[in-house]
Amino acid sequence: MNENKSGVSRRGFLKKVTAAIYGLLTFMIGLPLFSFFVSPAFIKSKFKWIEIGAVDDFNSDTPLEVIYNKEIIDGWNKRTVLSTAWVFKSEGKLVALSPICTHLGCTVSFDEVRDSFACPCHGGLYDREGNVIGGPPPKPLKRHEIKFEDGKFLIGEPKDRSTSVT
Ligand code: FES
């Protein structure tokens with residue numbers, strides 16, 4: 001047998017080196033494949049800033065329904081859906097309210113006669129600031145984060161009302 005003083009044969013040494021090389025190659029090829037196929041499942045969709053028009057387009061105290069495209073990333077599935085926000089001036093500041101009722105997620109609309117947002121599903125009613133004034137909704141309507149860039153009006157993720165609005 002061809003052994004050196006440490007008791008490791010040449011054949012044993014070559015087997016170990018070959019196994020190490022195979023392991024390294026498996027890791028080098030497997031890691032990118034694993035990342036490509038599995039990691040999207042753990043990616044959470046992020047709300048990006050979305051331009052909804054020029055700041056000057058929004059001068060009214062009466063809520064205006066703005067329709068915009070929102071990109072949703074859900075695992076490997078990427079799609080664009082139409083979404084809406086209610087935009088108006090409140091005490092001189094622009095506000096963008098989410099139209100999603102905080103009860104069970106129906107879409108509210110603005111009722112000019114009652115000067116409030118009404119939910120068609122279970123009679124939820126919100127004042128023009130989005131505060132609950134009737135029905136089962138447990139929380140006020142969410143407000144979008146907003147920002148202005150080069151005269152453009154951008155909305156961000158809708159947040160609970162405890163979040164400050166700029
Ligand atoms: S979903 Fe709006 S009141 Fe129930």
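This is a short walk through one predicted model, from the whole chain down to single residue pairs.

Let's start with the chain. It has 166 residues, and 29% of them count as buried. The secondary structure comes to 1 helix and 10 strands. Along the sequence, the helix leads and the strands follow: α-β-β-β-β-β-β-β-β-β-β. The accessible surface is about 11200 Å². Carbon and sulfur atoms account for 57% of that surface. Now take contacts between residues at least 6 apart in sequence. Of these, 43% join residues at least 24 apart.

Next, a sheet. Which order do its strands take? The order is S5-S6-S7-S8, the sheet is open, and the pairing is antiparallel. Strand S5, residues 109–111, is one edge, and strand S8, residues 132–134, is the other edge. Each of those two pairs on one side only. From one strand to the next, the twist averages 40°.

Look at the S5 side of that sheet. S5 and S6 pair over 3 bridges, in the antiparallel sense, and S6 covers residues 116–118. Here is one bridge to find on screen: Phe110 has Phe117 in S6 as its partner.

Now the cysteines. How many disulfides does a search of the whole structure find? The search finds 1. Cys106 is joined to Cys121, with an S to S distance of 1.8 Å. The link of Cys106 and Cys121 is left-handed, at -95° about the S-S bond. Where do the two ends sit? Cys106 is in the loop between S4 and S5, and Cys121 is in the loop between S6 and S7, so the disulfide ties together parts 15 residues apart in sequence. Cys106 is buried, at 19% relative accessible area. Cys121 is partly exposed, at 36%. Two other cysteines deserve a glance. Cys101 is buried, with a relative accessible area of 5%. Cys119 is buried too, at 6%.

Stay in the loop between S4 and S5 for a moment. Thr102 has its place there. Buried or exposed? Thr102 is buried, with a relative accessible area of 17%. Leave aside residues up to four places away in sequence. Thr102 then touches Tyr126, Pro137, Pro138, Lys139, Pro140 and Leu141. Keep Lys139 in mind; we meet it again shortly.

On to charges. Side chains of opposite charge can pair when their charged atoms come close. This structure holds 7 salt bridges. I'll show some of them.

One joins Arg143 and Glu129, with the closest N and O atoms 2.9 Å apart. Arg143 lies in strand S9 and Glu129 in the loop between S7 and S8, so this pair ties together parts 14 residues apart in sequence. Arg143 is buried, at 14% relative accessible area. Glu129 is partly exposed, at 21%.

Another joins Asp160 and Lys139, the closest N and O atoms being 3.5 Å apart. Asp160 is in the segment after strand S10, while Lys139 is in the loop between S8 and S9, so the pair ties together parts 21 residues apart in sequence. Both ends are partly exposed: Asp160 has a relative accessible area of 31%, and Lys139 has 38%. This is the Lys139 that Thr102 touches.

One more pair. Lys147 forms a salt bridge with Glu149, and their closest N and O atoms are 3.2 Å apart. Lys147 is partly exposed, at 27% relative accessible area. Glu149 is partly exposed as well, at 39%.

Conventions. Residues numbered from 1 in each chain as written. Predicted model: local features only at pLDDT ≥ 70, side-chain atom pairs only at ≥ 80, totals over all residues. Heavy atoms only, no water. Pairing = 2+ DSSP bridges. Helix = DSSP H or I, 4+ residues; strand = E, 2+ residues; numbered from the N terminus. Axes fitted to C-alpha atoms, helices over the stretch in contact; angles between N-to-C directions. Disulfide = S-S within 2.5 Å. Buried < 20%, exposed > 50% of the residue type's maximum accessible area, 1.4 Å probe, protein only. Contact = heavy atoms within 4.5 Å. Areas by Shrake-Rupley, 256 points an atom, 1.4 Å probe, with all protein chains shown as cover. Salt bridge = Lys/Arg side-chain N within 4 Å of Asp/Glu carboxyl O.
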